[in-house]
Number of protein chains: 2
Amino acid sequence: MLEKTTRINYLYDFYQSLLTEKQQSYMSLYYLDDYSLGEIAAEYNVSRQAVFDNIKRTELMLEEYEEKLLLFTKFQERARLIRQMKELVSEGSSSADELLAVIVELEKLD
Amino acid sequence: MLEKTTRINYLYDFYQSLLTEKQQSYMSLYYLDDYSLGEIAAEYNVSRQAVFDNIKRTELMLEEYEEKLLLFTKFQERARLIRQMKELVSEGSSSADELLAVIVELEKLD
């Protein structure tokens, strides 16, 4: 569950600008501010079920956007390559060729 | 005009997965295969005006997606930093600090 929450948080971070205002409000209260479904329902004067349905639908949309645009996947891959470059540079003993190889991998991600 | 075409080509590259199949077909024939509006209209058995309207609307959508997600902007920024890193590494005389500074800038883009 924690892993799923982390994933949704990341996807929300990448794709929130593509969501409606209401979707953004529900998602941000539920996932960022840790409101319960009941608390959001009370706040918006709608049923708990309506909030639940909206959030589930939004989660599906986020996964669909990720399937199409791969922003989270590429972000993770880039983070890995950046870590690798930092290590190579910090070691001091890295050759230019090793570094260039990582830079080229990074370039290919775009 | 050439500059606009290049920009639309890039935006299309980044956001085509968010378009409908018809939008993808028209855009790809017009921008990638250099068909005229009339040729696309004949191919799809619709009016030239219908093709024109669809393509104009799609271009607007691409700009809206870019406003929201900034994929092209970030791509250009990343390309600039990658060029900078390559130069630093190839010169051979670069310090680890200079390289790390660029890597950190790259990291901040995500």
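## A tour from helix α4 of chain B

Start by selecting B:Val51, B:Asn54, B:Ile55, B:Thr58, B:Glu59, B:Leu62, B:Tyr65, B:Glu66 and B:Leu69: these are the buried residues of α4(B). Buried means under 20% relative accessible area, exposed means over 50%, and partly exposed is in between (1.4 Å probe, protein chains only). Helices here are DSSP runs of H or I with at least four residues, numbered from the N terminus.

Some housekeeping: this is a predicted model, where local features need pLDDT of at least 70, side-chain atom pairs count only at pLDDT 80 or more, and totals for chains, interfaces and linings use all residues. Residues are numbered from 1 along each chain as its sequence is written, chains are lettered from A and ligands numbered from 1 in the order in which they are written, and side-chain values use heavy atoms, with hydrogens and water left out.

Back to your selection. Those buried residues cover an arc of only 140° around the axis, so they sit on the same side of α4(B); the arc is that of the directions from the helix axis to the C-beta atoms. Flip to the other side of α4(B) and you'll find B:Leu60 and B:Glu67 exposed.

Now show what the buried side packs against: α1 and α4 of chain A, plus α1, α2 (21–32), α3 and α5 of chain B. Contact means heavy atoms within 4.5 Å. For the helix end to end, α4(B) has 22 residues and reaches 31 Å from its first C-alpha to its last, close to the 32 Å expected at 1.5 Å a residue. The expected span is 1.5 Å times one less than the number of residues. Just after α4(B) comes B:Leu70, with a positive phi near 55°.

Next, pick B:Ile40 in helix α3 (residues 37–44) of chain B. B:Ile40 is buried, with a relative accessible area of 0%. Leaving aside neighbours within four places in sequence, B:Ile40 is in contact with B:Tyr26, B:Leu29, B:Tyr30, B:Tyr35, B:Val51 and B:Ile55. B:Val51 and B:Ile55 were in your opening selection too.

Hop over to chain A and select α1(A), residues 2–15. Its buried residues are A:Ile8, A:Leu11, A:Tyr12, A:Phe14 and A:Tyr15. They cover an arc of only 165° around the axis, which puts them on the same side of α1(A). The face turned away from that side carries the exposed residues A:Leu2, A:Glu3 and A:Asp13. The buried ones pack against α2 (21–32), α4 (48–69) and α5 (71–91) of chain A, together with α4 (48–69) of chain B.

Zoom out to see both chains. Chain A can be laid on chain B with an RMSD of 0.0 Å by a turn of 180° and a shift of 0.0 Å along the axis, with copies superposed by least squares on the C-alpha atoms of residues with pLDDT of at least 70 in both. The two copies are therefore related as by a two-fold rotation axis. To place that axis, click A:Leu71: its C-alpha is the nearest to the axis in chain A, 4.6 Å from it.

Last stop: what lies nearest the centre of the largest pocket? Select A:Leu69, A:Leu71, A:Arg78, B:Leu71 and B:Arg78, which hold that spot among 25 lining residues. The elements giving two or more residues to the lining are α1, α4 and α5 of chain A together with α1 (2–15), α4 and α5 (71–91) of chain B. A pocket, on a 1 Å grid over the protein atoms alone, is an open set of points where a 1.4 Å probe fits, with protein on both sides within 12 Å along at least five of seven lines; lining residues have an atom within 4 Å of a point.
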